[in-house]
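Me: Please take a close look at one part of this model, the smaller-scale packing of its helices and the chain that sits beside them. I would like one connected account.

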Amino acid sequence: MVVNYNINLLAEAKASYTDGGIFAEFAWIIVVLPFLAALLITFFGKNLPLKGAEIALGSVFFIFLYSCILFYLNITKGVASEFFVNVGSIGSFQIEFGWVVDGLSIMMYFVVGTVSLLVFIYAINYMEGEIRYTFFFTSLTLFAGSMLVLVSAPTLLQLLIGWELVGVCSYLLIGHYWEEKENSSAAMKAFITNKVADVGLMIGIIILALTTGTLRISEILYQATHDYEAIKSVAYIAGILIFIGAMGKSAQFPLHVWLPDAMAGPTPVSALMHAATMVTAGVYLLGRLFPFYQGIAHEALDVVLIFGVITLFSAGLIAIVQDDLKKVLAYSTVSQLGYMVTAMGSGAYTAGLFHLWTHAFFKALLFLGAGSVIHAVHTNNMSEMGGLRKEMPRTFMTFIIGTVALAGLPPLAGFFSKDEILASLNHEGHNFFFIIAVAGAFITAFYMTRAVLLTFYGEYRGHGHPHESDSMMTTPLMVLAFFAAVAGWVNIPGIYTGFTKWVTTRKNGIIEHHPESFDYFALFSGLFAGLAGIGLAYYIYQVISNPENGDEKIKFQPVWRVLENKYYLDDFYFKYIVDPIKITFAKSVDKFNTEILDRFINNFGNVASFLGRIVYDKLDQGGIDKALNLTSTGTDTLGSKVKLIQTGKTQQYIMYFLTGVIVISVLVLLVL
Amino acid sequence: MSAQPFLIAAAALFSMGIYGILVRRNAVMVLLSIELILNAVNINFVVFNQMLSDVLLNGQIFAIFVITIAAAEVGIGLAIVLMLFRNRQTANINEFDLMKW
């Protein structure tokens, strides 16, 4: 049974918004389709001409088209609607699944659809000839599908299921080349780090569900914005716990450690994971529950802000010292996620989602560009690249567009979204955080310029002759470059602020400051920070030292070492968490296991086998089998005795016969 | 006319047949002895028919049946003996122990 709730009645949206009509009603198709596609690929994929990739591509293409339609509907009319399917109840809790079709989820559908489509096209070429090609596309399709389950969730339960599915798929994809221990450990690390965070999310969800008596997000938000006492009393703790969940998926300090290691997966996975699926989930969750945070959990929002700021700054610094091109981008993602979370924390809902939106395109572009480079030179290390701008012009041009977008120079996408975050920090009066965020912009520009200079300028330092990738790989790059250039124009203060409307079709009482025009102080701070970063990087890597020498001359030893060791955070985790667990806890558990549980089970087994032996010997062999054997041997001996009268001599037989006749006759005569 | 002499003759014939079956070693002689027994029976059929004055002549008819069957039986029996003789070069009935276990 499908129930449709028009949000207009439920959550105070403006009456001008529609319920999306038939397209919203059938939006479940795009959630279910990837799972069907994954099944089909699993069973029939290997026999198809493209080994299953065509099914994956087809399903993603459909998702892309459908999300375009929804996106168009949302732009023109605004859509806010949600659908529930009741599958049962536990006590007073209704177990419901369903799908949300409102501005926020449509934005996510579009991002997932677009980025997935381009990444899938790219992956068909990139993964050609790799092992487990078909399985890779199964997992990749499932990955996109899980993200759609997550973003379409109208209940916290479905959200949690999607959340975990994303985690499992990421495990499969990061560990795609599991033959090498390093890769499977990276997958394990990602999974366990996420799991630690998920515990927070799960407890948070349980707390919210128990205090509100419902799992529906819209009802929880309604209670949060209408002075319900029960939810107010747990708002802070629930807010923090749910944010811990978001910290895991969105790689916030100090749970970001899995994300750089996740580079062990194939590059298309990194692109998908960093742009559209997985890491955006945490920011999406904060956005989805934003009215709750802003309404009654604003103390928790301060914590969110602090962690966001720490993340954006610390991760950016690490990105400076990385030699692995993909890791530079990975830390850059962590840093940019820090920006999004900072925006959410400072109360700027639209700014955070806007940065998610622009970041999705230019980060996917950068990752696919890096993949194209890695495909050509067969190494991840920038110290073995250099001078590639001549050999790979298209990759170079698109990579430059991505870099400029990320560094935040106008008029590309990153400029507008970063400016909006800075403006909201400035507006809220977080002066200290504002300065750090500006410094973060400086760092961003610095490490991206460094990466570009080391990769594309100077002389080639690697082996072999790199050449430009196939058009199947460069076309997605160009499409993404287009998006990276223009995605920011949908929200220009004072000129066109469509994006603000798109993501707030359901207002739920969100109060936001929307400047009528640019905040010129924030704008020029960000811009100058970006330019300064680019300039300094150019000065260091082109003027003082040339790319051939790489980082040699500018290694400020102590600082450099701290950064190269990622603030010793991994060491800390290993020394104080993993190892103690491994050495003491795991060992004692092992001891308990072998000495008590195993002994018990062994004894149990021994007794059972002893009993079995007795039953076998006495009952089976001694009783039943013996009886059967006796029957047969008895018959046998008797037969061998009796057969002796069968002499084969006819006259003897007649003799017996006659004797018998005579005896019987005599008897008959005597008796009668 | 009393039936007794006929019955005594038939019994004598029967006994001779039994004796022949039991002691003769030659298979052909055994077959001949069987014929004697059959003819003893035939005599009994005819005699009892006459004694009972059966107008339907059941006894005689049975005697004719027995003769017919005896002829057939001798035909088959002699053929078997012939085949045995061909295979074993003997007609001694003690040599034929095919039915021994």
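Reply: What follows takes chain B, then the contact between the chains, then two helix pairs in chain A.

The model is predicted. Chain B holds three helices and zero strands, and its pattern along the sequence reads α-α-α. Its radius of gyration is 17 Å, well over the 13 Å that the globule rule gives for 101 residues, so chain B is more spread out than a compact globule. Along the principal axes, the C-alpha atoms of chain B fill a box of roughly 50 × 25 × 25 Å. Burial can be stated too: 10% of the 101 residues of chain B count as buried, where a buried residue has 20 or more other C-beta atoms within 10 Å of its own. Taking the contacts in chain B between residues at least 6 apart in sequence, 51% join residues at least 24 apart.

Chain B also touches chain A. To this contact chain A gives 10 residues and chain B gives 10 residues. On the side of chain A that touches chain B, three residues are nonpolar, five are polar and two are charged.

Within chain A, one helix pair is α4(A), residues 53-76, and α6(A), residues 133-151. Their axes are 9 Å apart and the helices pack at an angle of about 15 degrees. Angles under 35 degrees count as roughly parallel, and α4(A) is therefore roughly parallel to α6(A). The crossing of these two helices is left-handed. On the α4(A) side the contact is made by Ala53(A), Ala56(A), Ser59(A) and Val60(A), and on the α6(A) side by Phe137(A), Leu140(A), Thr141(A) and Ala144(A). Of the residues in this contact, six are nonpolar, two are polar and none is charged.

A second pair in chain A is α16(A), residues 325-345, and α20(A), residues 413-428. Here the axes come within 10 Å and cross at roughly 40 degrees, so α16(A) and α20(A) are oblique to each other. The crossing in which α16(A) passes α20(A) is left-handed. From α16(A), Tyr339(A), Thr342(A) and Ala343(A) meet Lys418(A), Ile421(A) and Ser424(A) of α20(A). The residues of this contact comprise three nonpolar, two polar and one charged.

Set side by side, the α4(A) and α6(A) contact has no charged residue, whereas the contact of α16(A) with α20(A) has one.

Key. Residues are numbered from 1 along each chain as its sequence is written. Chains are lettered from A and ligands numbered from 1 in the order in which they are written. This is a predicted model: local features need pLDDT of at least 70, side-chain atom pairs count only at pLDDT 80 or more; totals for chains, interfaces and linings use all residues. Two residues are in contact if their C-beta atoms, placed from the backbone, lie within 7 Å. Ala, Val, Leu, Ile, Met, Phe, Trp, Tyr, Cys and Pro count as nonpolar, Asp, Glu, Lys and Arg as charged, and the others, Gly among them, as polar. Axes are lines fitted to C-alpha atoms, for helices over the stretch in contact, and angles run from 0 to 180 degrees between N-to-C directions. Helices (H or I, at least four residues) and strands (E, at least two) are DSSP runs, numbered from the N terminus. Angles under 35 degrees count as roughly parallel, over 145 as roughly antiparallel, 65 to 115 as roughly perpendicular and the rest as oblique. A crossing is left-handed if the near helix is turned anticlockwise from the far one by less than a right angle, and right-handed if clockwise. The radius of gyration is taken over C-alpha atoms; the globule rule is 2.2 Å times the number of residues to the power 0.38. A residue is buried if 20 or more other C-beta atoms lie within 10 Å of its own, exposed if 12 or fewer, and partly exposed in between; C-beta atoms are placed from the backbone.
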